[in-house]
Amino acid sequence: MEALNLLESFVQSAETGSFSAAARRLGLTPAAVSKNVARLEQHLGLRLFQRSTRKLTLTLGGEQFLRQVADPYSTLRDAFASAAQDDGKPAGVLRVSMGVAFGREYLVPLLGDFLARYPAIVPDWHFDNRTVDLIAGGFDAAIGGGIELTEGVVARQLARTHIVATAAPSYLRGRPLPRHPSDLAAFDGIARRSASTGRLRAYSLRNQVGEDALAEPRTRLIFDDPEAMAHAAMQGLGVALLPMPHAAPWLETGALVRLLPGWCADNGPLTLYYPNRKLLPPKTRVFIDFVVDAFENRGLARRFDGR
């Protein structure tokens with residue numbers, strides 16, 4: 001076990017690029033991780049890292065050693081994780097990353113059922129709208145879109161999401177309803193700025209017979225967050241083109257009305273990401289099965305479909 005602990009400190013330090021980050025993932029102090037790596041270097045008679053005050057980099061020998069031990073270490077780690085159960089039941093801390101609004105609206109309500117089934121699992125959920133590095137961040141899973149599929153990561157599609165045109169009943173009062181996306185040019189619009197490019201997003205909507213048309217309300221407000229757009233729309237400030245995960249709760253309550261039924265824009269898949277391991281820890285495996293079941297059999301996927 002001592003050799004495995006030393007190896008674990010080395011691999012985590014190599015993956016994260018620092019003793020401090022490795023220590024946070026392992027629940028140790030940075031000094032303990034550094035000491036473990038130094039002991040491993042002493043056993044091997046090989047310097048694994050070049051150390052400086054700013055960064056930690058692998059030596060050529062360290063890079064070669066990491067390539068040799070990465071797969072065996074992963075297999076051993078998975079085997080220990082699978083064996084580490086509470087009376088044969090999945091157990092342990094489950095680290096999952098997800099978007100703020102998505103997690104609050106769709107996953108938190110499922111927590112009671114999940115904890116009742118798996119009382120020995122402790123959810124450690126991180127709510128963040130930024131894209132995460134699943135492996136470097138030490139997450140067991142992540143839910144979102146646009147995460148780069150690096151080596152060792154599996155993507156499982158949960159649902160297709162669509163963009164739909166919405167507005168509050170108070171804004172629509174006294175106005176003729178649009179019959180075609182081009183009609184939105186006469187309406188005030190709550191535009192969305194892309195956080196990555198800084199540009200305003202433009203959407204081409206498609207109907208069931210395959211016709212495409214640009215939807216461009218006149219810009220009245222500009223936000224970079226769809227949840228804020230939804231709340232502004234509910235105040236009657238204009239038309240918002242929203243992803244269905246953000247629009248669905250308010251469409252269901254009547255706080256927002258969908259315009260142009262049958263017209264929508266594809267917004268890509270909502271995806272569940274998890275490490276590609278031969279032996280997934282039981283806590284991760286049951287979480288994956290639980291979420292997939294919620295989307296397939298409890299109607300969540302239908303709520304995100306704007307067709």
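Helices (H or I, at least four residues) and strands (E, at least two) are DSSP runs, numbered from the N terminus. With that in hand, look just past helix H3: glycine 45 follows H3 and has a positive phi, near 65 degrees. This is a predicted model, where local features need pLDDT of at least 70 and side-chain atom pairs count only at pLDDT 80 or more, while totals for chains, interfaces and linings use all residues. Residues are numbered from 1 along each chain as its sequence is written, and side-chain values use heavy atoms, with hydrogens and water left out.

**Helix H3**

- H3 has 15 residues, and at 1.5 Å a residue it should span 21 Å (the expected span is 1.5 Å times one less than the number of residues).
- The end C-alpha atoms of H3 are 21 Å apart, which agrees with that figure.
- Val33, Asn36, Val37, Leu40 and Glu41 of H3 are buried (buried means under 20% relative accessible area, exposed over 50%, partly exposed in between, with a 1.4 Å probe and protein chains only).
- These buried residues cover an arc of only 140 degrees around the axis, so they sit on the same side of H3 (the arc is that of the directions from the helix axis to the C-beta atoms).
- Turn to the face of H3 pointing away from the buried side and you meet the exposed residues Ala31, Lys35 and Gln42.

**Salt bridges**

- Side chains of opposite charge can pair when their charged atoms come close.
- Searching the whole structure turns up 9 salt bridges (a side-chain nitrogen of Lys or Arg within 4 Å of a carboxyl oxygen of Asp or Glu).

*From H3 to strand E1*

- Glutamate 41 pairs with arginine 51, their closest N and O atoms being 2.9 Å apart.
- Since glutamate 41 lies in H3 (residues 30–44) and arginine 51 in strand E1 (residues 49–51), the pair ties together parts 10 residues apart in sequence.
- Glutamate 41 is buried at 10% relative accessible area, whereas arginine 51 is partly exposed at 32%.

*Within helix H6*

- Arginine 117 bridges to aspartate 113, with the closest N and O atoms 3.5 Å apart.
- The two are 4 residues apart in H6 (residues 111–117), so about one helical turn separates them.
- Arginine 117 is partly exposed at 42% relative accessibility, and aspartate 113 is partly exposed at 30%.

*Across the chain*

- Aspartate 140 pairs with lysine 283, the closest N and O atoms being 3.8 Å apart.
- This pair links distant parts of the chain, 143 residues apart: aspartate 140 is in the loop between strand E4 (121–127) and strand E5 (141–144), and lysine 283 is in helix H10 (residues 282–297).
- Aspartate 140 is buried at 11%, and lysine 283 counts as buried at 16%.
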